[in-house]
Amino acid sequence: HMLPLMAEPLQAALRGLSIIARRQQPHYVHAFLAASVEIAAGAADEAADAAALSHAANRDVRARVESVAKQRRKAAEAAAAEARRSRGDSPSSLPTTTSARAYFTQRVRRQKAAQEASFSAAPPTAEDEEGL
């Protein structure tokens, strides 16, 4: 709050501290520097307070986001469980890793067998004979 109010007077004071001004009126330099130290200390205190407030707000927002995410996960799990119950699915009737692996292994075998059968049953084409 204090820095915007001090901007214009500070600029005027800094112009007064030019090399020529310091030679003409050297007794003002020490007073100005002492006042500048106090202004800088006040600005540093305000910055520290603002940083503390922003960190507290950040923690609060993160906690709220985590809480909402946890509520959504619980709601999704409850909805999935309700859907399974309404379909009559039980955890034991759902496919297991072993049954899924067996299904896909059998599927790959069938695809390979179909692919081999299609290659062996296809008559040679003109392109095949040209390559010979």
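1. Burial first: of the 132 residues in the protein chain, just 5% are buried (under 20% relative accessible area, with exposed over 50% and partly exposed in between, using a 1.4 Å probe and protein chains only). The accessible surface of the protein chain is about 11,600 Å², and carbon and sulfur atoms account for 60% of that; the areas come from the Shrake-Rupley method with a 1.4 Å probe, and for residues only the protein chains shown count as cover.

2. Keep in mind that this is a predicted model, where local features need pLDDT of at least 70, side-chain atom pairs count only at pLDDT 80 or more, and totals for chains, interfaces and linings use all residues. Residues are numbered from 1 along each chain as its sequence is written, and side-chain values use heavy atoms, with hydrogens and water left out.

3. On confidence, the mean pLDDT of the protein chain is 80, and 80% of its residues reach 70 or more (pLDDT is the predictor's confidence in each residue, from 0 to 100). Helix 3 (residues 27–87) has the highest mean pLDDT among the elements, 89, while helix 5 (residues 126–131) has the lowest, 53. Where pLDDT is low, the predicted coordinates should not be read in detail.

4. The fold is quick to list: the protein chain has 5 helices and 0 strands, running α-α-α-α-α from the N terminus on. Helices (H or I, at least four residues) and strands (E, at least two) are DSSP runs, numbered from the N terminus.

5. I checked the length of helix 3. Its 61 residues should span 90 Å at 1.5 Å a residue, and the end C-alpha atoms of helix 3 are indeed 90 Å apart, so the two agree. The expected span is 1.5 Å times one less than the number of residues. The buried residues of helix 3 are V29, F32, G42 and A43.

6. The salt-bridge count is 2, taking a side-chain nitrogen of Lys or Arg within 4 Å of a carboxyl oxygen of Asp or Glu. One joins D60 to R64, with the closest N and O atoms 3.4 Å apart. D60 and R64 sit 4 residues apart in helix 3, so about one helical turn separates them. D60 is partly exposed at 36% relative accessibility, whereas R64 is exposed at 56%.

7. E82 and R85 form a salt bridge too, with 3.2 Å between the closest N and O atoms. They are 3 residues apart in helix 3, which again means about one helical turn. E82 is partly exposed at 45%, and R85 counts as exposed at 55%.

8. Finally, there is 1 aromatic pair. Y103 and F104 meet edge-to-face, 5.0 Å centre to centre with 75° between the planes. For reference, rings of Phe, Tyr and Trp (its six-membered ring) pair if their centres lie within 6.5 Å, with planes under 30 degrees apart counted as stacked, over 60 as edge-to-face and the rest as tilted. Y103 is partly exposed at 46% relative accessibility, and F104 is partly exposed at 45%.
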